[in-house]
Amino acid sequence: MEVAPGAFLLKACLSLEQQRVIVESCRALIDGDVPGYVPVVRGGGKMHVRMLCLGRHWNGQTYRYEQTRTDFDRLEVPPLPPAFGDLARDIAASVNMRLDADLCILNLYDHEGRMGLHQDKDESTPSLAAGVPVVSVSLGDTARFLFGGLRRRDPVEALLIESGDAFVFGGPARLRYHGVSRIVPATAPSELGLTGRFNLTFRQY
């Protein structure tokens, strides 16, 4: 479904078995040797998600990407698993876009998790200028996803994004504001054994 020019909501994009495999990978990564953490952004505010960056680390103090987590524990960022990159490429291709992802931000939302309206604008100037898409994959509990315009004050559309859905935005939609206002508890498929929501956003720096 095309939500706006360059923005697509792909319902039931992943089979239940695909979701199960990815959830197990996400669990292993976020509790691994370089674990997920709750970032503190400029101004001292804590984010309402547990985050792990793969391929490149997003620094919540500088809003820049780096190879080590200098805003937290100075550990080297884990690599992006090839299977994740392949998944992002295939989803982008399904809507006639190209993405050679070199980073993924993996967020774990609990029942109080949320994400304020923001733009994904910290990638390189050539990537942004080319409108290279962001591919977002949702697993677990349903999220109320907000999708706005190119200005913060533009009208916002609310979409319910369920486990196995994907959202792609690139081209003219690449810098649209978006966020998550709430998580709907106990809506994850029981087969996943997951409380909360994993969200993977793939980007090309």
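This briefing covers the fold, surface, charge pairing and backbone of one protein chain. The structure is a predicted model, in which local features require pLDDT of at least 70 and side-chain atom pairs count only at pLDDT 80 or more, while totals for chains, interfaces and linings use all residues. Residues are numbered from 1 along each chain as its sequence is written, and side-chain values use heavy atoms, with hydrogens and water left out. The chain has three helices and 13 strands, and a search of the whole structure finds 14 salt bridges.

**Overall fold**

- Helices (H or I, at least four residues) and strands (E, at least two) are DSSP runs numbered from the N terminus.
- For 205 residues, a compact globule would have a radius of gyration near 17 Å, and the value of 16 Å for this chain agrees. The radius is taken over C-alpha atoms, and the globule rule is 2.2 Å times the number of residues to the power 0.38.
- The C-alpha trace spans about 40 × 40 × 30 Å along its principal axes.
- Of the contacts between residues at least 6 apart in sequence, 72% join residues at least 24 apart; a contact means heavy atoms within 4.5 Å.

**Burial and surface**

- Buried residues make up 52% of the 205 in the chain. Buried means under 20% relative accessible area, exposed over 50%, and partly exposed in between (1.4 Å probe, protein chains only).
- The chain exposes about 9,600 Å², of which carbon and sulfur atoms supply 53%. Accessible areas come from the Shrake-Rupley method with a 1.4 Å probe; for residues, only the protein chains shown count as cover.

**Charges and salt bridges**

- There are 23 positive and 24 negative side chains, and the centres of the two sets lie 7 Å apart. Lys and Arg count as positive and Asp and Glu as negative, whereas His and the chain ends are not counted; each charge is placed at NZ of Lys, CZ of Arg, CG of Asp or CD of Glu.
- A salt bridge is a side-chain nitrogen of Lys or Arg within 4 Å of a carboxyl oxygen of Asp or Glu.
- Asp165 and Lys11 form one such bridge, with their closest N and O atoms 2.5 Å apart. Asp165 lies in the loop between β10 (157–161) and β11 (166–169) and Lys11 in the loop between β2 (7–10) and α1 (16–30), so the pair ties together parts that are 154 residues apart in sequence. Asp165 is buried at 2% relative accessible area, whereas Lys11 is partly exposed at 39%.
- Glu24 and Arg27 pair at 2.6 Å, N to O. Both residues lie in helix α1, three residues apart, which is about one turn of the helix. Each is partly exposed, Glu24 at 39% and Arg27 at 25%.
- Arg89 and Asp90 also meet in a salt bridge, at 3.1 Å, N to O. Arg89 is partly exposed, with a relative accessible area of 38%, and Asp90 is partly exposed, with 45%.
- Asp120, Glu123, Arg174 and Arg203 are joined into one network by salt bridges that share partners.

**Backbone: positive phi outside glycine**

- Tyr63, a residue other than glycine, has a positive phi near 60 degrees. Tyr63 sits in the loop between β4 (57–59) and β5 (64–66) and is partly exposed at 28% relative accessibility.
- Ala186 likewise has a positive phi near 60 degrees. Ala186 belongs to the loop between β12 (178–184) and β13 (197–203) and is exposed, with a relative accessible area of 78%.
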